[in-house]
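Q: Please take me on a close look at a single part of this model, and connect it to its surroundings. I am in my first year, so please explain the terms as you go.

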Amino acid sequence: MTSEKLDRRKKYTRMVLKDSLLQLLKQKSFSQVTVKEICERADINRSTFYAHYRDQFELLETIEDEIVMDMQQYMNTYNLQEKEDALKMTEKLISYFAAKQEELIILLNVSDETSFERKVREVAQASIRSEWIISEQTDQQLSSYLTAFIISGSVYVLKMWLLGGMEEPPHKMAKLINNLINHGIYGTDWEMFP
């Protein structure tokens, strides 16, 4: 068998296992999900599962890490000190989140049991600290407060948007978040939300 065929089979198996776990997480908490259930739903035997993952925890971590890596790529592509770049990056990220809505809602709902939301916050914090609002003159404690405020607010707004059915288009959400970050509540143009 050619290696290309093996790679496709491996990708397919991993995709089916990921989908099975996500479907189970719609019905029950992560602590109640077993490898046996994942395999039954995926129609894959347990030895095949263990050829790819140690346990359900590693499978969940793989799903989380793929999204976090994609997010990191978007954030590293743009110069966040430039307002236009920051807006483009935010819109790209929000469009990506919209495409992954179902997956993200599931992962954010199990965030008490997993590290997904913490990982998202850490990636965003690293990006902000490295090149956005934090200058060398900014006090370290103050910069910690600023990044925590920006990230927590942005994550919560995006959670609300995803859970609310994403009524606003990504470009409007990107504009809202960037305006709030750059200009605060009183400097934001509320006309964009009629």
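A: **A close look at Lys18**

Lys18 counts as buried, because its relative accessibility is 14%. The cut-offs are simple: buried means under 20% relative accessible area, exposed over 50%, and partly exposed in between, using a 1.4 Å probe and only the protein chains. Before we go on, please keep in mind that this is a predicted model, where local features need pLDDT of at least 70 and side-chain atom pairs count only at pLDDT 80 or more, while totals for chains, interfaces and linings use all residues. Residues are numbered from 1 along each chain as its sequence is written, and side-chain values use heavy atoms, with hydrogens and water left out.

Where does Lys18 sit? Lys18 belongs to helix 1, which covers 3–27. A helix here is a DSSP run of H or I with at least four residues, numbered from the N terminus.

Now for its neighbours. Setting aside those within four places in sequence, Lys18 is in contact with Tyr53, Leu59, Thr62, Ile63 and Glu66; contact means heavy atoms within 4.5 Å. With Glu66 there is also a polar contact between the side chains, at 2.3 Å. A polar contact is a pair of N or O atoms within 3.5 Å; within protein, one must be able to donate a hydrogen and the other to accept it, and residues adjacent in sequence count only if both atoms are side-chain atoms.

Let's widen the view to the nonpolar core, a set of buried Ala, Val, Leu, Ile, Met, Phe, Trp, Tyr and Cys residues joined through side-chain atoms within 4.5 Å. The largest one has 50 residues, and Leu17, Leu21 and Met71 are among those with the most contacts inside it. Helix 1 and helix 4 (56–77) are among the helices that each supply at least two residues of this core. Helix 4 gives the most, with 7 residues. As for Met71, leaving out neighbours within four places in sequence, its contacts are Leu93, Phe97, Val120, Val123 and Ala124.

One last stop is Asp55, in the loop between helix 3 (46–52) and helix 4. Asp55 counts as partly exposed, because its relative accessibility is 24%. Its side chain reaches the backbone nitrogen of Glu58 at 2.9 Å, and one of its side-chain polar atoms lies 3.1 Å from the backbone nitrogen of Phe57. Beyond four places in sequence, Asp55 is in contact with Val35 and Phe49.
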